[in-house]
Amino acid sequence: MLKFFKYFLPHWLFVFENRRRHKIELSERLSQAHQNERNRSAFENDELNLNSRLDLDYESMIDYLVSKGLDENQIRQGSMPESSLNEIVSLFDDRFKPGALRGIHIGNFVGISIGYILSKCYERDNESFIVAIDPNVPHRGIERPNDICIELLTRMGIQNNVLCINGYSLEKSLSNDGKVYDGVYNPEKNFALELGAGNQLSYLLKLSADFYHFIVLDGNHNSEYLKRELELASELIVENGVIIVDDVDLNWPSIKKVFEECQIFGLSNVYTNGRIGILERVTMTS
């Protein structure tokens with residue numbers, strides 16, 4: 001409209017209107033720039049706050065997840081107990097020299113075990129990292145649990161020390177070990193909808209054999225699946241490295257049996273506490 005009327009308005013009035021509009025636009029740009037700066041400062045401050053939360057203990061982690069609306073019983077039942085996690089990190093201190101640790105964690109659920117282990121590794125050396133493999137499918141009635149895991153790691157300030165792989169250690173398999181959870185979620189009926197890349201351990205082995213200090217196996221509980229995971233894991237760990245198997249107990253007799261027969265994979269038992277089992281790679285002597 002102004003473009004049309006400029007032929008009928010005095011020149012000074014047209015110049016005045018242009019300057020006024022220019023000042024308004026400049027003011028809006030400055031205001032947006034200041035807001036962007038405030039947002040950036042707030043983000044940086046938030047990052048600093050996140051990095052100060054490494055002292056979250058086991059119960060605080062659970063409390064945080066419960067505050068997000070998760071069922072406390074499912075969190076506890078689906079996660080390693082604190083006593084076992086303490087044994088794992090104590091083993092690292094006894095077995096490995098000071099410095100960064102490299103690990104693989106299969107089966108993240110909502111992040112309790114990986115968060116606890118990684119936070120302790122981070123405190124040891126902030127260059128420590130874990131490759132986290134999880135298909136992010138419903139488990140124990142919780143949708144997209146790995147999203148929650150990443151949120152927890154972010155609140156702990158260690159999200160940048162995780163390489164996240166949305167997939168399966170071997171081939172795609174039924175979630176919840178094929179069980180219908182609470183009569184609601186049917187893994188077989190929803191199998192085609194659950195997406196994730198397969199054979200991730202094989203590809204990690206192509207990239208980096210004899211590289212990781214530890215591997216946690218807490219995903220598929222099928223004994224044949226676990227055997228093949230152990231076979232690959234034994235080639236991925238360094239000499240003196242360890243493999244931690246969860247649910248080595250009477251509730252999972254097939255898992256317990258595989259653990260006891262681990263020597264066929266070039267591994268030996270370190271010990272079991274009735275929940276987790278620790279394996280080490282056997283050193284070959286000439």
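The side chain of S119 reaches the backbone oxygen of Y116 at 2.8 Å, and that is a good place to start a tour of this predicted model. S119 belongs to helix α6, which covers residues 112-124. From there, the briefing moves to a leucine in another helix, a pair of cysteines and the largest pocket.

**S119 in helix α6**
- Is S119 buried or exposed? With a relative accessible area of 2%, S119 is buried.
- Helix α6 comes up again below, as one of the elements that each supply at least two residues to the lining of the largest pocket.

**L205 in helix α8**
- You will find L205 in helix α8, made up of residues 200-207.
- L205 counts as buried because its relative accessible area of 18% falls under the 20% cut-off.
- Which residues does L205 touch, once its neighbours within four places in sequence are set aside? They are L232, E235 and L236.
- L236 sits 31 residues away from L205 along the chain, yet the C-alpha atoms of the two are separated by 6.0 Å.

**The cysteines C149 and C164**
- How many disulfides does the model have? The count comes to zero.
- For the sulfur of C149, the closest cysteine sulfur is that of C164, at 7.0 Å, so the two are too far apart for a bond; a disulfide would need the sulfur atoms within 2.5 Å.
- Looking from the other side, the sulfur of C164 has its closest cysteine sulfur in C149.
- The surroundings of the two can be told apart: C149 is buried, at 1% relative accessible area, whereas C164 is partly exposed, at 41%.

**The largest pocket**
- The volume of the largest pocket is about 880 Å³.
- Its lining is made up of 42 residues.
- Which of these residues lie nearest the centre of the largest pocket? H139, D177, D218, G219 and H221 do.
- Sorted by class, the lining of the largest pocket holds 17 polar, 14 nonpolar and 11 charged residues.
- Helices α4 (72-77), α6 and α9 (223-236), together with strand β2 (129-134), each give at least two residues to this lining.
- Among the contributions to the lining of the largest pocket, the largest share is that of α4, with three residues.

Notes: Residues numbered from 1 in each chain as written. Predicted model: local features only at pLDDT ≥ 70, side-chain atom pairs only at ≥ 80, totals over all residues. Heavy atoms only, no water. Helix = DSSP H or I, 4+ residues; strand = E, 2+ residues; numbered from the N terminus. Buried < 20%, exposed > 50% of the residue type's maximum accessible area, 1.4 Å probe, protein only. Contact = heavy atoms within 4.5 Å. Polar contact = N/O pair within 3.5 Å; in protein donor to acceptor, adjacent residues only side chain to side chain. 1 Å grid on protein atoms, 1.4 Å probe; cavity = no way out; pocket = protein on both sides within 12 Å on 5 of 7 lines; lining within 4 Å. Points joined across faces, edges and corners; volume = space filled by probe spheres on them. Nonpolar A, V, L, I, M, F, W, Y, C, P; charged D, E, K, R; others polar.
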